Amino acid sequence: MIAGSIYFYFKQSASNLPKPVLISVSSPITLFILPLGEVSEENIRLVTKAIKGNFKINCQLLDPIAIPKHLYTHKPTKSLIQEGNVYHTKLDSNVLAPDHVLYFVDSLMVTTETLGSLRLDSLLRKRGHYLMVLTEKALTDEAGMYTIRGIVTRVKEHYQKYSIVSSYLVNKQSATRAEYQFRMEKVATHEFIHMFGLHHCQESKYCLMVGVGEGGLTLGQGMSGRLFYQTPNALCASCARQLKQAMKRILPVKEKNAE
Ligand SMILES: [Zn+2]
Ligand SMILES: [Zn+2]
């Protein structure tokens, strides 16, 4: 319903519309989803649905973990909230710092269906294993200045294997439930794609991998999410090709030859 109405706005350029994501490679990719703090059934369902709907991969839900106090930053971060045509800067408190979250979850003991009980960092050392931390708390950017929707961590040996998705800002910025749900699915898909090394899209404004707060956008536009929110749940041809290649690269050698 929402996707339909978004396509409607771009009718003029229908010939170069991005394609729905739907990437299917026979690779052994598993995404573990870890709810951090209280996370609603709806949010878990939305994120799982987005990943499973867009990629033919295995998703496994881990047991939720309570948030220790040291994961929060000491100062509030800024976000932009739209009221009518006017944007207001808001200060968000109780904001999670991505690096604190990363160091905390790294040493957690988790239990998975297939591997039993093990430390999360050993789980992610395995080929094709990825983690998405899902939270309803606000999340800061790396500089601790602005509230963001999601991030892929780039530190330590598990380069790009962790992502954090926060529903906080999308919830504050969405006027209806349908709008919120559609946006949350896109945030989860966008962060998941970053984990395969894709950067922000330089090809199309209507690609799911459009950047926020960079690539010629003013900070205000990035914070408002305007450009990202108006994309369909779809990738431009260039991003789709890069993603498919990136996913193929993690195939075990013998499967690679069979492709
Ligand atoms: Zn991004
Ligand atoms: Zn693109």
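Two strands are taken to pair where DSSP finds at least two bridges between them. In this predicted model, β2 and β3 meet that condition, since four bridges join them and the two strands run parallel. Within this pairing, Leu-31 has Cys-59 of β3 as its bridge partner.

**Overall composition**

The protein has ten helices and 14 strands. Of its 259 residues, 38% count as buried. Among contacts between residues at least 6 apart in sequence, 69% join residues at least 24 apart.

**The five-stranded sheet**

β2 and β3 belong to an open sheet of five strands, ordered β3-β2-β9-β13-β12, in which the pairing is mixed. Its edge strands, β3 and β12, each pair on one side only. From one strand to the next, the twist averages 20 degrees. Helix α3 (residues 98-106) packs on this sheet and touches β2, β9, β12 and β13, with its direction at about 125 degrees to that of β13.

The edge strand β12 (residues 150-152) contains Gly-150. This glycine counts as buried because it has 24 C-beta neighbours inside 10 Å, where the cut-off is 20 or more. Gly-150 and Val-165 are separated by 15 residues in sequence, yet their C-alpha atoms are 4.3 Å apart in space. Leaving aside residues up to four places away in sequence, Gly-150 touches Ser-163, Ile-164, Val-165, Ser-166, Val-187, His-190 and Glu-191.

**Helix α2**

β2, α2 and β3 together make a right-handed β-α-β unit. The helix of this unit, α2, lies across β2, β3, β9 and β13 and runs at about 165 degrees to β2. At 1.5 Å a residue, the 14 residues of α2 (residues 41-54) should span 20 Å, and the end C-alpha atoms are indeed 20 Å apart, which agrees.

The buried residues of α2 are Asn-43, Leu-46, Val-47, Ala-50, Ile-51 and Asn-54. Viewed down the helix axis, these buried residues fall within an arc of 120 degrees, so they line one face of α2. An α-helix has 3.6 residues a turn, so residues three or four places apart point the same way. On the other side of α2, Glu-41 and Arg-45 are exposed. The elements that cover the buried residues of α2 include β2 (30-36), β3 (58-61), β9 (129-135), β13 (162-166) and α6 (177-194).

**The β4-β5 hairpin and the three-stranded sheet**

Strand β4 (residues 77-83) pairs with β5 in the antiparallel sense over seven bridges. The hairpin formed by β4 and β5 has two residues between the strands, and Gly-84 there takes a positive phi near 65 degrees. Strand β5 (residues 86-92) has seven residues, of which the number buried is zero, so this strand lies largely in the open.

A further open sheet has three strands in the order β6-β10-β11, again with mixed pairing. Its edge strands are β6 (95-96) and β11 (147-148), each of which pairs on one side only. β6 and strand β10 (residues 138-140) pair in the parallel sense over two bridges.

The table below gathers residues that stand opposite one another in paired strands.

| Residue | Opposite residue | Strand of the opposite residue |
|---|---|---|
| Leu-31 | Cys-59 | β3 |
| Glu-83 | Val-86 | β5 |
| Leu-96 | Leu-139 | β10 |

Technical notes
Residues are numbered from 1 along each chain as its sequence is written. Chains are lettered from A and ligands numbered from 1 in the order in which they are written. This is a predicted model: local features need pLDDT of at least 70, side-chain atom pairs count only at pLDDT 80 or more; totals for chains, interfaces and linings use all residues. The expected span of a helix is 1.5 Å times one less than its number of residues. A residue is buried if 20 or more other C-beta atoms lie within 10 Å of its own, exposed if 12 or fewer, and partly exposed in between; C-beta atoms are placed from the backbone. The arc is that of the directions from the helix axis to the C-beta atoms. Two residues are in contact if their C-beta atoms, placed from the backbone, lie within 7 Å. A crossover is right-handed if, with the strands pointing away from the viewer, the path from the first strand over the helix to the second runs clockwise. Axes are lines fitted to C-alpha atoms, for helices over the stretch in contact, and angles run from 0 to 180 degrees between N-to-C directions.
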